[in-house]
Amino acid sequence: MAEPLLRVEGVVKRFGGFQALSGVSRHVEAGERFGLIGPNGSGKTTLINCISGTLRNESGRIVFKGHDVTALAAHQRTRRGIARTFQIPRPFTGMTVLENLRVTLEYAALDRAAPGDGIAESMDILRLVGLDAKADITSSRLTQIEMRKLELARAMAAKPSLLISDEAMAGLSSSEVDDLLAILFRLNETGTTVIMIEHIMRAVMRFSQRIAVLDAGEKIAEGSPAAIVGDAAVEKAYLGE
Ligand SMILES: Nc1ncnc2c1ncn2[C@@H]1O[C@H](COP(=O)(O)OP(=O)(O)OP(=O)(O)O)[C@@H](O)[C@H]1O
Ligand SMILES: [Mg+2]
């Protein structure tokens with residue numbers, strides 16, 4: 001068997017006396033579209049924070065492309081190919097959309113040869129998410145869907161092999177959800193592995209080839225969307241007793 005792109009091994013994360021992750025193990029294959037779901041507070045974002053390096057886990061390992069990255073800082077993991085969006089978008093609000101991308105590119109490209117001013121490359125990414133017409137707008141003036149697209153574009157600027165989307169669709173209309181889904185499908189078709197965290201079941205079920213379910217910091221189920229829908233433990237986690 002080929003080495004999976006990402007292996008999460010026994011990850012434990014505590015906040016003071018509270019254990020947010022109780023030894024989560026998962027793997028994600030290269031090229032896969034992987035869904036991560038679970039009730040509010042089940043530890044989805046915490047797990048993503050441990051994978052991306054935003055948080056350090058107390059025990060367990062994160063193995064990416066066969067290398068243990070557990071000790072690496074977030075920016076080092078970004079350069080190795082792990083990019084994520086934040087549940088609450090974090091653009092540089094005083095900058096234009098284009099400037100946001102250029103800054104991110106410059107930062108991401110530190111150790112690869114990227115000549116030029118980054119404008120053409122930035123515009124290419126903005127075109128992929130459908131924001132090219134907004135390039136010169138100050139990012140604080142974007143609508144919610146545009147803000148989500150910019151957040152995705154900034155993650156894409158790192159040219160990741162793994163992109164993790166943390167509830168990029170919350171609060172969007174049905175057609176806006178379809179719009180973001182199409183972007184993520186296209187990204188995946190060009191070879192990027194995608195982990196989607198999402199409460200919008202229609203979206204995550206359609207997108208994912210495999211879904212893992214977290215409840216109270218533990219994996220309670222994993223399988224195809226069809227298997228997850230029919231899983232009694234999952235139903236109980238969402239609906240209570
Ligand atoms: N920095 C922190 N300090 C203390 N507790 C935290 C911190 N971050 C998360 N938690 C707690 O850890 C648990 C898991 O939170 P997390 O944000 O990972 O959940 P989630 O599954 O992403 O939820 P949601 O679907 O609402 O985004 C929650 O009980 C949360 O209150
Ligand atoms: Mg979350």
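The lining of the second largest cavity in this predicted model consists of three nonpolar, two polar and four charged residues. The residues concerned are Thr85, Phe86, Gln87, Arg148, Glu151, Leu152, Asp166, Glu167 and Ala168. Helix α5, which covers residues 144-157, makes the largest contribution to this lining, with three residues. The space enclosed there has a volume of about 30 Å³.

How many cavities of 30 Å³ or more does a search of the whole structure find? The search finds two. Rolling a probe the size of a water molecule over the atoms shows where empty space is left. The largest cavity holds about 60 Å³ of space. Its lining is made up of Leu6, Val8, Arg26, Val28, Phe34, Leu36, Leu47, Ile48, Ile51 and Ile195. Two or more residues of this lining come from each of the elements β1 (6-15), β2, β3 (33-37) and α1. Among these elements, α1 provides the largest share, namely three residues. When the lining of the largest cavity is sorted by class, nine residues are nonpolar, none is polar and one is charged. The lining of the second largest cavity, by contrast, includes four charged residues.

The discussion now turns from cavities to pockets. The largest pocket contains about 510 Å³ of space. It is lined by 19 residues, of which Thr78, Arg84, Phe86, Tyr107 and Arg154 are the closest to its centre. Phe86 also appears in the lining of the second largest cavity. Which elements each supply at least two residues of the lining of the largest pocket? They are α2 (74-80), β6 (82-84), α3 (97-108) and α5. Helix α3 gives the largest share, four residues. Helix α5 thus takes part in the lining of the largest pocket and also in that of the second largest cavity. By class, the lining of the largest pocket comprises ten nonpolar, five polar and four charged residues.

The second largest pocket offers about 220 Å³ of space. Glu121, Asp124, Ile125, Leu128, Met156, Lys159, Pro160, Ile183, Arg186, Leu187, Thr190 and Thr192 form its lining. The elements that contribute two or more residues here are α4 (119-129) and α6 (174-189). Of the elements, α4 gives the most, with four residues. Six residues of this lining are nonpolar, two are polar and four are charged.

The next subject is ligand 1 and the residues around it. Which residues come nearest to ligand 1? Of the 14 residues around the ligand, these are Gly41, Lys44, Thr45, Thr46 and His199. Several polar atoms of the protein can be located relative to oxygen atoms of ligand 1. For Gly41, a backbone N or O atom lies 2.8 Å from an oxygen atom of the ligand. For Ser42, a polar backbone atom is 3.2 Å from an oxygen atom of ligand 1. For Thr46, the atom concerned belongs to the side chain: this polar atom lies 2.6 Å from an oxygen atom of ligand 1. Taken alone, ligand 1 exposes 640 Å², and the protein buries 61% of that area. The shell around the ligand receives two or more residues from each of β2 (18-28) and α1 (44-52). The largest share, three residues, comes from α1. Helix α1 also gives the largest share of the lining of the largest cavity. Strand β2 likewise contributes to both places, with two or more residues in the shell around ligand 1 and two or more in the lining of the largest cavity. By class, four residues of the shell are nonpolar, eight are polar and two are charged.

Finally, these sites can be placed within the chain as a whole. How many helices and strands does the protein chain have? The protein chain has nine helices and ten strands. Its radius of gyration is 18 Å, close to the 18 Å given by the globule rule for 241 residues, so the protein chain is as compact as a globular protein of that length. Taken along the principal axes, the C-alpha atoms fill a box of roughly 55 × 40 × 40 Å.

Methods:
Residues numbered from 1 in each chain as written. Chains lettered and ligands numbered in written order. Predicted model: local features only at pLDDT ≥ 70, side-chain atom pairs only at ≥ 80, totals over all residues. Heavy atoms only, no water. Near = heavy atom within 4 Å. Polar contact = N/O pair within 3.5 Å; in protein donor to acceptor, adjacent residues only side chain to side chain. Areas by Shrake-Rupley, 256 points an atom, 1.4 Å probe, with all protein chains shown as cover. Nonpolar A, V, L, I, M, F, W, Y, C, P; charged D, E, K, R; others polar. 1 Å grid on protein atoms, 1.4 Å probe; cavity = no way out; pocket = protein on both sides within 12 Å on 5 of 7 lines; lining within 4 Å. Points joined across faces, edges and corners; volume = space filled by probe spheres on them. Rg over C-alpha atoms; globule rule 2.2 N^0.38 Å.
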